[in-house]
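This report looks at helix packing, the ligand site and the backbone of one model. The structure comes first.

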Amino acid sequence: MKTAIITGISGQDGPYLAKLLLEKGYKVVGTLRSYRCVNTKNFEYLGIENRVTIEELDLHDMANVIRIIQKYRPDEIYNLAAQSSVGLSFEQPIGTFTFNTISVNNLLESIRLFSPSIKLYQASSSEMYGRVEKMPITINTPMHPVSPYGVSKMASYFMITTYRESYNLFVSNGVMFNHESYLRSNNFFVKKVIRDSIAIKNGTLDKLVVGNLNVKRDFGYAPAYVEAMWKILQSDKADDFIICSGKSILLRDIVEYVFNFLNIDKRLIVEDKNLFRPNEIEDIYGDNSKAREILDWNYDMSFFEVLDILIEEELNNASNK
Ligand code: NAP
């Protein structure tokens, strides 16, 4: 039986990845910064409660990382832990940069020194590319991040490639574009739009307040994207892959689709300039052909299909509460 460690198990992707790995027969160890952050609801939601071994792990502390690696001797580590909000990274630039880079350095050094056979997946982000001159984004597109989060992910991306090239380790980057699910935290755009719109429909909120809607993003579905993470570590050779839908969608179209679905008056959409980001990218979409060809990862969902699933899940769960 293979053993996998997933860091950041309390986030959106961790529980979906844990479910996938359990279905594939892995023993799964999930790590958290504190036992107080255990969100058993997400495990229950996916029917995997009591099947993931939970460990407290401070990724800032290399001794702690070594301890966990020696305790479980994993075959694979999926490093999902990160301060992952672009917006918050402008408010907490130092914390974001420090955690998102040192955590990766500690994992890489621990693997290099003590367990070089471990395969490591690093959750990299499209935000590393930032302002680009040419689209779609491929793995060779020059990076020009425009947020502290993007800068932190770029630094750890290059630590991964440096360790791979210098020490011949099996360490890979999955460069994920935005992906959404019912388990997304409430501070992310799509989740917030759906939840607030349902609240308007139910009469508990009077309007939807959002930032700049004139930007386009490449959005996908988290349960399908975690499959790509697993495939990246099953590949013959460590490498870096763009994981995206290949199309961008205007944020305004997302909001209007949700409002139409729920039959809400669009005059209740309010764009608040205070919520605009200091340095916004207008449009971004990627090219997933390398993942399709090498990993045999296929993704054909339109984001409107994803929205249908997310709205239905949110409505079902709102009515079950
Ligand atoms: P998420 O929901 O924000 O989860 C991130 C995880 O990291 C949480 O378990 C969180 O723990 C943990 N974490 C945050 N700050 C930490 C800190 N200072 N110390 C220890 N743990 C910390 O993220 P996700 O959506 O699952 O994404 C997984 C990974 O993919 C992240 O690295 C993210 O940056 C990257 N990514 C995500 C997307 C996307 O669209 N979802 C796109 C590109 C890349 P708490 O619960 O305790 O806060």
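## Helix packing and ligand site

Helix H7 passes helix H9 in a right-handed crossing. The model is a predicted one. H7 covers residues 189-201, and H9 covers residues 251-262. Their axes come within 10 Å and cross at roughly 30°. Angles under 35 degrees count as roughly parallel, so H7 is roughly parallel to H9.

A second pair brings in helix H5, residues 93-114, and helix H6. The axes of H5 and H6 come within 8 Å, with a crossing angle of roughly 15°. That angle makes H5 roughly parallel to H6. Here too the crossing is right-handed: H5 passes H6 that way.

Helix H6 also leads to the ligand. How many residues surround the ligand, and which come nearest? There are 23 around it, and Ser10, Asp13, Arg33, Ser84 and Tyr149 come nearest. By class, the shell has nine nonpolar, ten polar and four charged residues.

Three backbone contacts to the ligand can be listed together. Each row pairs a polar backbone atom with an oxygen atom of the ligand.

| Residue | Backbone atom to ligand oxygen |
|---|---|
| Gly8 | 3.1 Å |
| Asp13 | 2.8 Å |
| Leu80 | 2.9 Å |

How much of the ligand does the protein bury? Taken alone, the ligand exposes 890 Å², and the protein buries 85% of that. Two elements give two or more residues to the shell: strand E5 (119-125) and helix H6 (148-167). The largest share, three residues, comes from E5. Asp13 appears twice in this picture: Asp13 is among the residues that come nearest to the ligand, and a polar backbone atom of Asp13 is 2.8 Å from a ligand oxygen.

Two backbone features remain. Most residues other than glycine have a negative phi, and most peptide bonds are trans. Where does the model depart from a trans bond? A cis peptide bond joins Met135 and Pro136, with omega about 0°. Pro136 lies in the loop between E5 and H6. Those flanking elements, E5 and H6, each give two or more residues to the ligand shell.

The other feature is at Asn50. Phi of Asn50 is near 65°, a positive value in a residue other than glycine. Asn50 sits in the loop between helix H2 (40-46) and strand E3 (53-56).

Technical notes:
Residues numbered from 1 in each chain as written. Predicted model: local features only at pLDDT ≥ 70, side-chain atom pairs only at ≥ 80, totals over all residues. Heavy atoms only, no water. Near = heavy atom within 4 Å. Polar contact = N/O pair within 3.5 Å; in protein donor to acceptor, adjacent residues only side chain to side chain. Areas by Shrake-Rupley, 256 points an atom, 1.4 Å probe, with all protein chains shown as cover. Helix = DSSP H or I, 4+ residues; strand = E, 2+ residues; numbered from the N terminus. Nonpolar A, V, L, I, M, F, W, Y, C, P; charged D, E, K, R; others polar. Axes fitted to C-alpha atoms, helices over the stretch in contact; angles between N-to-C directions. Parallel < 35°, antiparallel > 145°, perpendicular 65-115°, else oblique. Left-handed = near helix turned anticlockwise from the far one by under 90°.
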